[in-house]
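Grab a pencil and have a go at a few short exercises on how helices sit against each other. Try each one yourself before you read the solution.

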Amino acid sequence: MKAKPRPKRHHGWFPHSFGTGAGGFAGGAIAKKLAQAGYDVTGTVRPGSPRPLPTSGLAIAEADLSNADSLFALGSGFTAVIHAAATVDRPGVTASQLFRDNMQATFNTVQFAQRNEVGRFIYMSSVSVHGRINGPVVDHETPIIDPSPYGYSKRLGELLLNEIPDGLGAVSLRLPGVVGPGGHSNWLTRTCETLAAGNGITIRNPDARFNNAVHTDDLSSFCEALLHLPLTGHRAMPLAAGGDLSIRDVADRLQARLGGGPIKIEAGGSAPFVIDDGFARRELNYRSMETGPLLDRLADDIRAAKVQ
């Protein structure tokens, strides 16, 4: 059987992409997807950090994004920037880390994009920019009220992109939990891992609706699609899975797939919300798998990883 030919390179409007965070979970998935689709991609990793497995079309460069000289030394010729590098919100992360890795790094990356006169900037933001959410639905117009230090560090990146010059089309993707092979640090993934280990789980607000997840396959495909759209200015919007399920249905579906212990319902917890990503779907043709199939896919990924 003949090997499947690689796609021709330099298709689309922005053929040479610069992707930060290529050694991380979401950034690595996006960089690999674009390279496999035929784009030339230069992906950055932090100095001394592990490099992703070799992929044709993906060049890896070490860079400290918080150091402008380190970033600018990577040269020019890029036509798009996809900025996924960040320090995530987790216990023990300090304000100085968030400033350096999220604020300063994003400021430098925007400056790098302007020096290269790129035509597209795609920024991995977070629904955390909204801070305190007072309603049952989050959309692109939901007010921003007292975000956490992490949420504010992502919001600053959005504000920087509001100041971009004409000719650079920018999109900030306000992400919920991102799931997929190798994922971590979100409720869905932790729930799957707990069940796969044979343990029980505790849920709150069992009747609340849930679609607060994006699979790396859908995120990567959307980033590729954004390289083909005529965009100007900056716009920010949330993404999510299609449709929604109750929290109880989510737990039952994962338990049916993975086994595990009993499901306990506990009172309390923060006010739940669902995500309305209609703006991204209407304006930019965002597409994603439905919540149910996403859960099945995630559970299968977790189970396969456990077997290896």
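Below are three exercises, each with a worked solution.

This is a predicted model, where local features need pLDDT of at least 70, side-chain atom pairs count only at pLDDT 80 or more, and totals for chains, interfaces and linings use all residues. Residues are numbered from 1 along each chain as its sequence is written, and side-chain values use heavy atoms, with hydrogens and water left out.

**Exercise 1.** Work out how helix 5 and helix 7 cross, and which residues meet there.

*Step 1.* Find helix 5 at residues 187-196 and helix 7 at residues 247-258. Helices here are DSSP runs (H or I, at least four residues), numbered from the N terminus.

*Step 2.* Look at the axes, which are lines fitted to C-alpha atoms over the stretch in contact, with angles from 0 to 180 degrees between N-to-C directions. The two axes come within 9 Å and cross at roughly 40°. That makes helix 5 oblique to helix 7 (under 35 degrees is roughly parallel, over 145 roughly antiparallel, 65 to 115 roughly perpendicular, and the rest oblique).

*Step 3.* List the contacts (heavy atoms within 4.5 Å). From helix 5 come Trp 187, Leu 188, Thr 191, Cys 192, Leu 195 and Ala 196, and they meet Ile 247, Val 250, Leu 254, Gln 255 and Leu 258 of helix 7. Sorted by class, that gives nine nonpolar, two polar and no charged residues (Ala, Val, Leu, Ile, Met, Phe, Trp, Tyr, Cys and Pro count as nonpolar, Asp, Glu, Lys and Arg as charged, the others, Gly among them, as polar).

**Exercise 2.** Do the same for helix 1 and helix 6.

*Step 1.* Helix 1 covers residues 25-36 and helix 6 residues 216-226; their axes are 9 Å apart, at an angle of about 55°. So these two are oblique to each other as well.

*Step 2.* Among the residues that meet are Phe 25, Ala 29 and Lys 33 in helix 1, and Thr 216, Cys 223 and Glu 224 in helix 6. The full contact has seven nonpolar, three polar and two charged residues.

**Exercise 3.** Is Thr 216 buried or exposed, and what does it touch?

*Step 1.* At 5% relative accessibility, Thr 216 is buried (under 20% relative accessible area; exposed is over 50%, partly exposed in between, with a 1.4 Å probe and protein chains only).

*Step 2.* Skip its neighbours within four places in sequence, and Thr 216 is in contact with Phe 25, Ala 29, Val 178, Val 179, Gly 180 and Pro 181.

*Step 3.* Zoom out to helix 6: eight of its eleven residues are buried, so it is largely enclosed by the rest of the structure.
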